[in-house]
Amino acid sequence: LIFSISVSSQGLRTLGKNIINSNGDEVLLRGVGLGGWMLQEGYMMNSSGGADTQHEFIEKLTLLIGEEETDIFYENWRQNFITQKDVDSIASLGYNSIRLPMHYNLFTLPIEEEPVEGENTWLDTGFEMVDDLLSWCESNQLYLILDLHAAPGGQGQDAAICDYDDTKPSLWQSEFNQSKTVALWGKLADRYKDEEW
């Protein structure tokens, strides 16, 4: 029995074991991951042992320079870690895709901070970062792959790669975290469903 499943996303779809574009041409994704921009992982930041997760990194930075300076640091980090020039360079090197590891807390509040339990407060920061990156990708004809690397509550035991905090309920221990994750993917899908790249 042979069958084919077709799934579409950003102008690409699968056909059997192949990925094809809207013209039916096979596409081999050659990509770069933008780890560290929206989610800092201890092993990438060379802070393992001192701050393995992003929340630990933020806590240590806040103790060192204070909350206001930490906020300024992160604002500058987000504006300067990846820019149009970086995406232009990625394209000039022959890559055709970018994978974006995302942290949910740039899109919505943690469940512990929601003013109304079970509801979602949406933040502009993450959406604006994706919007900018997507426009840079589009101008370079690069596919953008969204990767919710840090889901609400953290989705795995490797805390560093999902910013899991074992003092709080994980994605799998909280229906609120699960519904927030589904709602976030719904928002992302609705916002970018018509974007070719």
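Is the crossing of helix 4 and helix 5 right-handed or left-handed? In this predicted model, the crossing of these two helices is right-handed, and helix 5 also takes part in a second right-handed crossing, with helix 7. The briefing below begins with the open parallel sheet of strands 4, 5 and 6, moves on to the helices, and then turns to a hairpin and to individual residues in loops and strands.

**The parallel sheet**

- Three strands make up an open sheet, arranged in the order 4-5-6 and paired in the parallel sense, with strand 4 (31–33) and strand 6 at the edges, each of them pairing on one side only.
- Neighbouring strands of this sheet are turned against each other by 25° on average, when direction is ignored.
- Strand 4 and strand 5 run parallel and are joined by three bridges, and one pairing of residues places Gly-31 opposite its bridge partner Ser-97 in strand 5.
- Strand 5 (residues 97–103) pairs with strand 6 over six bridges, again in the parallel sense, and here Ile-98 stands opposite Leu-144 of strand 6.
- Between these two strands the chain passes from strand 5 through helix 5 (residues 124–140) to strand 6, in a β-α-β crossover that is right-handed.
- Strand 6 (residues 143–150), although it is an edge strand, is mostly covered, with seven of its eight residues buried.
- In a regular strand, the side chains alternate between the two faces of the sheet.

**Ser-97 in strand 5**

- Ser-97, which belongs to strand 5, has a relative accessibility of 3% and therefore counts as buried, since the cut-off for that class is under 20% relative accessible area.
- Leaving out residues up to four places away in sequence, Ser-97 touches Leu-29, Arg-30, Gly-31, Val-32, Leu-142, Tyr-143 and Ile-145, and among these Gly-31 is also its bridge partner.
- Ser-97 and Glu-117 are separated by 20 residues in sequence, and their C-alpha atoms are 38 Å apart in space.

**Helix packing**

- Two packed helices are described by the angle between their axes and the distance between the axes.
- Helix 4 (residues 84–92) packs against helix 5 at an angle of about 35°, with the two axes 9 Å apart.
- On the helix 4 side this contact is made by Gln-84, Val-87, Asp-88 and Ala-91, and on the helix 5 side by Leu-133, Trp-136, Cys-137, Ser-139 and Asn-140; sorted by class, the residues are five nonpolar, three polar and one charged.
- Helix 5 and helix 7 (residues 175–192) have axes that come within 12 Å and cross at roughly 35°, and this crossing is right-handed.
- The contact between them involves Phe-127, Val-130, Asp-131 and Leu-134 of helix 5 together with Leu-184, Lys-187, Leu-188, Arg-191 and Tyr-192 of helix 7, which by class gives six nonpolar, no polar and three charged residues.
- Helix 7 also lies across strand 5 and strand 6, and its direction is at about 165° to that of strand 6.

**The hairpin of strands 2 and 3**

- Strand 2 (residues 12–15) and strand 3 (residues 18–20) run antiparallel and are joined by three bridges, with Asn-18 of strand 3 as the bridge partner of Leu-15.
- Two residues lie between the strands of this hairpin, where Gly-16 takes a positive phi near 65°.

**Residues in the loops**

- Thr-53 sits in the loop between helix 1 (42–45) and helix 2 (54–65), and it is buried, with a relative accessible area of 3%.
- Apart from its neighbours within four places in sequence, Thr-53 is in contact with Gln-40, Ala-159, Ala-160, Asp-163 and Tyr-164.
- Asp-163, one of those contacts of Thr-53, lies in the loop between helix 6 (159–162) and helix 7, has a positive phi of about 55° although it is not a glycine, and is buried at a relative accessible area of 11%.
- Gln-141, in the loop between helix 5 and strand 6, likewise is not a glycine and has a positive phi, near 55°, but Gln-141 is exposed, with a relative accessible area of 54%.

Definitions and conventions: Residues numbered from 1 in each chain as written. Predicted model: local features only at pLDDT ≥ 70, side-chain atom pairs only at ≥ 80, totals over all residues. Heavy atoms only, no water. Buried < 20%, exposed > 50% of the residue type's maximum accessible area, 1.4 Å probe, protein only. Helix = DSSP H or I, 4+ residues; strand = E, 2+ residues; numbered from the N terminus. Pairing = 2+ DSSP bridges. Right-handed = clockwise from strand over helix to strand, strands pointing away. Axes fitted to C-alpha atoms, helices over the stretch in contact; angles between N-to-C directions. Left-handed = near helix turned anticlockwise from the far one by under 90°. Contact = heavy atoms within 4.5 Å. Nonpolar A, V, L, I, M, F, W, Y, C, P; charged D, E, K, R; others polar.
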